[in-house]
Amino acid sequence: MRKGSVKEVLAKLKYDPREDEGDYYVIIEHRGAYGDVKKIPVEMIELGHGYFFVGDAQIPYHRILKVVRKDGKVIWETRKL
């Protein structure tokens, strides 16, 4: 399941022509949201160096808890869970 950094996993999902980024989403730690987590489709994410962007929002990679396929399969998960 966990192979490489979350940034590497997201880059593969976004830029590998064999993958469809629309089939994946990330779950981030987001205080104030229901259950303190938020689900964001990978297709809405722009990758940066230490952060990723969703519109004007800048979110650090360390806030990502999981990368999940739409069928529920966990592709990447943080070790702190």
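**Exercises on salt bridges, a helix and a sheet**

Asp71 counts as exposed, its relative accessibility being 57%. The model in which this value was computed is a predicted one.

**Exercise 1.** Classify Arg69 as buried, partly exposed or exposed, and state what kind of contact joins its side chain to that of Asp71.

*Solution.* Begin with the accessibility of Arg69, whose relative accessible area of 28% makes this residue partly exposed, since the partly exposed class lies between the limits of 20% and 50%. Asp71, at 57%, falls in the exposed class because exposed means over 50%. Then turn to the side chains themselves: those of Arg69 and Asp71 form a salt bridge, with 3.1 Å from N to O, which satisfies the criterion because the cut-off is 4 Å.

**Exercise 2.** Work out which residues are linked with Lys12 in a network of salt bridges, and describe the burial of Lys12 and of its partners Asp16 and Glu19.

*Solution.* Start from Lys12, which is partly exposed with a relative accessible area of 42%. Its side chain meets that of Asp16 in a salt bridge, at 3.3 Å from N to O, and Lys12 also forms a salt bridge with Glu19, where the closest N and O atoms are 3.3 Å apart. Of these partners, Asp16 is buried at 12% relative accessible area, whereas Glu19 is partly exposed at 25%. Adding Arg18 completes the network, which links Lys12, Asp16, Arg18 and Glu19. For the model as a whole, the count of salt bridges comes to 6.

**Exercise 3.** Decide how the buried residues of helix H1 are arranged around its axis, and name the strands against which they pack.

*Solution.* First list the buried residues of H1, which spans residues 6-15: they are Val6, Val9, Leu10, Leu13 and Lys14. Viewed down the helix axis, these buried residues lie within an arc of 125°, and they therefore line one face of H1. The general geometry helps in reading such a list, because an α-helix has 3.6 residues a turn, so that residues three or four places apart point the same way. Next consider the face turned away from the buried side, which carries the exposed residues Glu8 and Tyr15. Finally, follow the contacts of the buried residues, which pack against S1, S3 (46-47), S6 and S7 (74-77).

**Exercise 4.** Reconstruct the order of the strands in the open sheet of 4 strands, explain why S2 and S7 each have one side without a neighbour, and place H1 relative to the sheet.

*Solution.* Take S1 (residues 24-29) as the starting point: 5 bridges join S1 to the antiparallel strand S6 (residues 64-69), and S1 also pairs with S2 (residues 37-41) in the antiparallel sense over 5 bridges. Individual positions support both pairings, as Ile27 stands opposite Lys66 in S6, while in S2 the bridge partner of Ile27 is Lys39 and that of Ile28 is Lys38. The full order is S2-S1-S6-S7, with antiparallel pairing. S2 and S7 stand at the edges and have a single partner strand each, which means that one side of each lacks a neighbour in the sheet. On average, neighbouring strands are turned by 20° against each other, direction ignored. H1 packs on this sheet by touching S1, S6 and S7, and its direction makes about 30° with that of S6.

Definitions and conventions:
Residues are numbered from 1 along each chain as its sequence is written. This is a predicted model: local features need pLDDT of at least 70, side-chain atom pairs count only at pLDDT 80 or more; totals for chains, interfaces and linings use all residues. Side-chain values use heavy atoms; hydrogens and water are left out. Two strands pair if DSSP finds at least two bridges between them. Helices (H or I, at least four residues) and strands (E, at least two) are DSSP runs, numbered from the N terminus. Buried means under 20% relative accessible area, exposed over 50%, partly exposed in between (1.4 Å probe, protein chains only). The arc is that of the directions from the helix axis to the C-beta atoms. Contact means heavy atoms within 4.5 Å. Axes are lines fitted to C-alpha atoms, for helices over the stretch in contact, and angles run from 0 to 180 degrees between N-to-C directions.
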